[in-house]
Amino acid sequence: MNKTALTRSIPYWLLLVLSIAAVAVGGWLVWDKTNTMEITLLDGTATNVEVYVGQAWITAGAAILAAGVTGILLALVLAAAKALIPAATPVVVEPIDWTADDGSDASTGSATDPELDDREPLPEPVEGPATTPEDRQNGSSGSTATATKISVK
């Protein structure tokens, strides 16, 4: 899990902004359609579209409003949960000393550890049609990286 600050999290801000937009759109739909329906019903000029379609718009607006309120509450819960989680203490890592002797002999591939000395020695590379050491493959993998002695990381 990424331990960045919540204020730098794009998904958090998207949740918050889209929730506020949903509250605004849903509230506007409910308010506008309810006012239109009330005004036209009270003065006797209401049509079927204003009454029956207005009810559907009010229901849709209420659903959008509820989704927005839920999103805002979820953003508040996330902020509270993030505040309760203790911050990780930074770990100090020392740089690797590449010049230090690790106890192995690079020419034979065997370590100087007494427990590892009873291993069988590695077989010598088979001489083939290659004439120079750069053309020979040092290893058994058959990969291009091994054959050309390039470092693959």
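**Figure 1. The whole protein, seen from its surface inward.** The accessible surface of the protein comes to about 12,500 Å², and carbon and sulfur atoms own 66% of that area. Keep in mind that this is a predicted model. Of the 153 residues in the protein, 12% are buried. If you follow the chain from the N terminus, the elements read α-α-α, so to speak a short list: 3 helices and 0 strands. Now look at contacts with a separation of 6 or more: 53% of these link residues 24 or more positions apart.

**Figure 2. Helix α1 from end to end.** Helix α1 covers residues 10-42. Does its length make sense? What span should we expect for the 33 residues of α1 at 1.5 Å a residue? The expected span is 48 Å, and the end C-alpha atoms sit 47 Å apart, so the two agree. Several α1 residues are tucked away: Y12, L16, S19, A22, G26, L29, M37 and T40 are buried. Part of their cover comes from α2. Just past the helix, have a look at G44, which takes a positive phi of about 80 degrees.

**Figure 3. A nonpolar patch on the surface.** Three residues, I10, L14 and L18, make up this nonpolar surface patch. Together they offer about 330 Å² of accessible area. Pick out L14, which belongs to helix α1. L14 has a relative accessibility of 48%, so it counts as partly exposed. The spacing of the numbers is worth a thought, too. An α-helix has 3.6 residues a turn, so residues three or four places apart point the same way.

**Figure 4. Helix α2 and its kink.** Helix α2 takes in residues 48-84. Try the length check again: 37 residues at 1.5 Å each should span 54 Å, and because the end C-alpha atoms are 54 Å apart, the numbers agree. Where is the kink in α2 centred? Find G54: the helix kinks there by about 30 degrees. G54 is also one of the buried residues of α2, along with V51, I58, G61, G68, G71 and A75. Helix α1 is part of what covers them.

**Figure 5. S19 and G71, where α1 meets α2.** Start with S19, a residue of helix α1. Is S19 buried or exposed? Its relative accessibility is 4%, which is under the 20% cut-off, so S19 counts as buried. Setting aside neighbours within four places in sequence, S19 touches G68, G71 and I72. Now hop across to G71, which lies in helix α2. G71 has a relative accessible area of 7%, so this residue is buried as well. With neighbours within four places again left out, the contacts of G71 are L15 and S19. Look for V17 too: V17 and G71 are 54 residues apart in sequence, yet their C-alpha atoms are 9.3 Å apart in space.

**Figure 6. A56 and K33.** A56 sits in helix α2. Its relative accessible area is 47%, so A56 is partly exposed. How far apart are the C-alpha atoms of A56 and K33? They are separated by 9.4 Å, while the two residues are 23 places apart along the chain.

Methods: Residues numbered from 1 in each chain as written. Predicted model: local features only at pLDDT ≥ 70, side-chain atom pairs only at ≥ 80, totals over all residues. Heavy atoms only, no water. Patch = residues over 30% accessible without salt bridge, like charges linked within 9 Å, V, L, I, M, F, W, Y side chains within 5 Å. Areas by Shrake-Rupley, 256 points an atom, 1.4 Å probe, with all protein chains shown as cover. Salt bridge = Lys/Arg side-chain N within 4 Å of Asp/Glu carboxyl O. Helix = DSSP H or I, 4+ residues; strand = E, 2+ residues; numbered from the N terminus. Buried < 20%, exposed > 50% of the residue type's maximum accessible area, 1.4 Å probe, protein only. Expected span 1.5 Å × (residues − 1). Contact = heavy atoms within 4.5 Å. Bend = angle between axes of the 7 residues up to and from the residue.
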